[in-house]
Amino acid sequence: MTQIPGRFLTSDIGTFGEFTASTRWPIILQNAVDDLHAEVERLGKAGGAAGAAAVAQGNLIKEQIVQFRQEVIDKVPLRNFTPEECAIASVPGSFNEYLDNASPRPTWAEAEWLFAEVYLYRRLNVLFRSQPAAHWQTFDIFNALKQSTFKASYFGVTELALRYKNLVADVARLDKTSGADQQLLQILFKEFVEISLWGNATDLSLLTNATLEDIKSIQGAKAREESESKIVVNDTARAWETIIASATATATGGSTRVDFVLDNSGFELYADLMLAAFLLQTKLATKCVFHAKDMPYMVSDVMLKDFDTLLQDLRDREFFPSGAASTPESQALDLFADDIAQFNKSGALTFQADSFWTTDLDYWNIDAAETKYHGAQVHAELQKADLVIFKGDLNYRKLTGDRKWARTTPWTTAIGPLAHNGVTTLSLRTCKADVQVALPQGLDEELCALWEKDHPGQGSWWCSSGKWAVICFADSK
Ligand SMILES: O=P(O)(O)OC[C@H]1O[C@](O)(CO)[C@@H](O)[C@@H]1O
Ligand SMILES: [Mg+2]
Ligand SMILES: [Mn+2]
């Protein structure tokens, strides 16, 4: 039995986790203060009695965030949530349980990175939930940033929408039971997986006006090869086998369900919806379930309201300046929004949130054995899916327990119970933290040496740079 290593600590000298805790968290909290200041100013101008109360409470929250930020900088011990905080902000008991069992009590300078980061967002949320004004109860302090970032990805959003409009008619006609069409569907599957993986506008590997012929062509293959070079572990083909096996078995009825454990809102959510739309239009899947967060989390992670906001943004000619309704861009944006809204209305695409996703528990707790904080419920829900796609770096860190595994550790070792408890998983991860597993022998040394050249003393941060990605599959049915 492999010895299970400890988790990365914020005191691990020279790691990206240490840098995140000492440098990035104070910046994130300062940005929150600045955005809250702007919101309080806006409320003040709006006036009215409710506005005055909200303004006063907003200023109080601002003070509290400034104070909290100072605690992080002063590296004080992480305190328990008070009974009042737990009651008023529905704080899961797992946080205090962890803190009561940790010895010595962690400080911001010396804590498990994963716990401290998740705890930070929970502390921030408690400050808003503790104010009586309805405005602060449901306020997403990161909404302004989510929206400005999405607005800035206009080019990528319209590129993809035009491509969807170009392809959807041809793609929907493909026959998933015919050998020739399956080959094309597999190419498209890889394309949409890669767009979802990178979750940003710059890595679109195919041009807008590519036809199915173009995609099959050498040019399409060449474009794909280029974008694949940065994916250092790639199990896409194994995920495809799972999908096509289920889809052809259900050709005469039955269902194929693909779940997404989401990461960031905005363009990444848009790209995830593109992948889901591809699966549903081709009937490779009959149902997609999107799992969102129940509170503002990790700055950009998806909450249920972010889905509604995204559909509004796609149809809002002010937000995305695509001109009159008759322009190709406007028509493409409206078509995609309509298709997604229709899938949602018909129940083919559903959204749900669960408190488990924002607890400190890692995903070794997605198992029947975890009966206190919804691990067992989430496990039972995900078992209904033929494939569960986990998006992004934080999900990867929770899948692997954010532990100091050797970087060649097999994926099925690093994900513990999920390797054999009946959930089939695919992790699409852009590498943004120290934890890294499943690499072939020698590759880590090669990439460390490469990264070291331009980043002296930080060679191992190649896997915190966001420049490389891994796609890891585990079939545990
Ligand atoms: O949005 P993603 O891909 O989950 O990345 C979030 C990552 O950013 C960090 O906050 C810093 O790298 C990590 O703690 C976290 O895993
Ligand atoms: Mg991400
Ligand atoms: Mn995220």
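## The shell around ligand 1

A residue counts as near a molecule if one of its heavy atoms lies within 4 Å of it. With that in mind, let's look around this predicted model, starting with ligand 1. Its surroundings are made up of Phe 16, Arg 24, Trp 113, Glu 117, Asp 263, Asn 264, Gly 392, Asp 393, Leu 394, Arg 397 and Lys 432. Sorted by class, this shell holds six charged residues, three nonpolar ones and two polar ones.

Where along the fold do these residues come from? Three helices, α1 (16–46), α5 (113–129) and α17 (393–399), each provide at least two residues of the shell. Of the contributors, α17 gives the most, with three residues.

## Polar contacts and cover

Which side chains place an N or O atom 2.5 Å or 2.6 Å from an oxygen atom of ligand 1? For Asp 393, the distance from a side-chain N or O atom to a ligand oxygen is 2.5 Å. For Arg 397, the corresponding distance, again from the side chain, is 2.6 Å. Lys 432 takes part through its backbone: an N or O atom there lies 2.8 Å from an oxygen atom of ligand 1.

Taken on its own, ligand 1 has 400 Å² of accessible area, and the protein covers 92% of that. If you are browsing the pockets of the model, the space that ligand 1 takes is the largest pocket.

## The metal ions

The manganese ion (ligand 3) is worth a visit next. Asp 263 (OD), Asn 264 (OD1) and Asp 301 (OD) coordinate this ion, at 2.0 to 2.3 Å. Along the chain, the donors follow the spacing D-N-x36-D.

Which residue bridges the manganese ion (ligand 3) and the magnesium ion (ligand 2)? That role belongs to Asp 263, and the two ions lie 4.1 Å apart. Asp 263 and Asn 264, both donors to manganese, are also among the residues surrounding ligand 1.

## Two backbone details

Two spots in the loops deserve a look as you trace the backbone. Ser 103 and Pro 104 are joined by a cis peptide bond, with omega about 0°. Pro 104 sits in the loop between α4 (94–101) and α5, and α5 is one of the helices that supply residues to the shell around ligand 1.

The other spot is Lys 75, in the loop between α2 (49–74) and α3 (83–88). Here phi is near 55°, a positive value in a residue other than glycine.

Terms used:
Residues numbered from 1 in each chain as written. Chains lettered and ligands numbered in written order. Predicted model: local features only at pLDDT ≥ 70, side-chain atom pairs only at ≥ 80, totals over all residues. Heavy atoms only, no water. Polar contact = N/O pair within 3.5 Å; in protein donor to acceptor, adjacent residues only side chain to side chain. Areas by Shrake-Rupley, 256 points an atom, 1.4 Å probe, with all protein chains shown as cover. 1 Å grid on protein atoms, 1.4 Å probe; cavity = no way out; pocket = protein on both sides within 12 Å on 5 of 7 lines; lining within 4 Å. Sits in = over half its atoms within 2 Å of the grid points. Helix = DSSP H or I, 4+ residues; strand = E, 2+ residues; numbered from the N terminus. Nonpolar A, V, L, I, M, F, W, Y, C, P; charged D, E, K, R; others polar. Donors = N, O, S within 2.8 Å, 3.2 Å for Na, K, Ca; no water.
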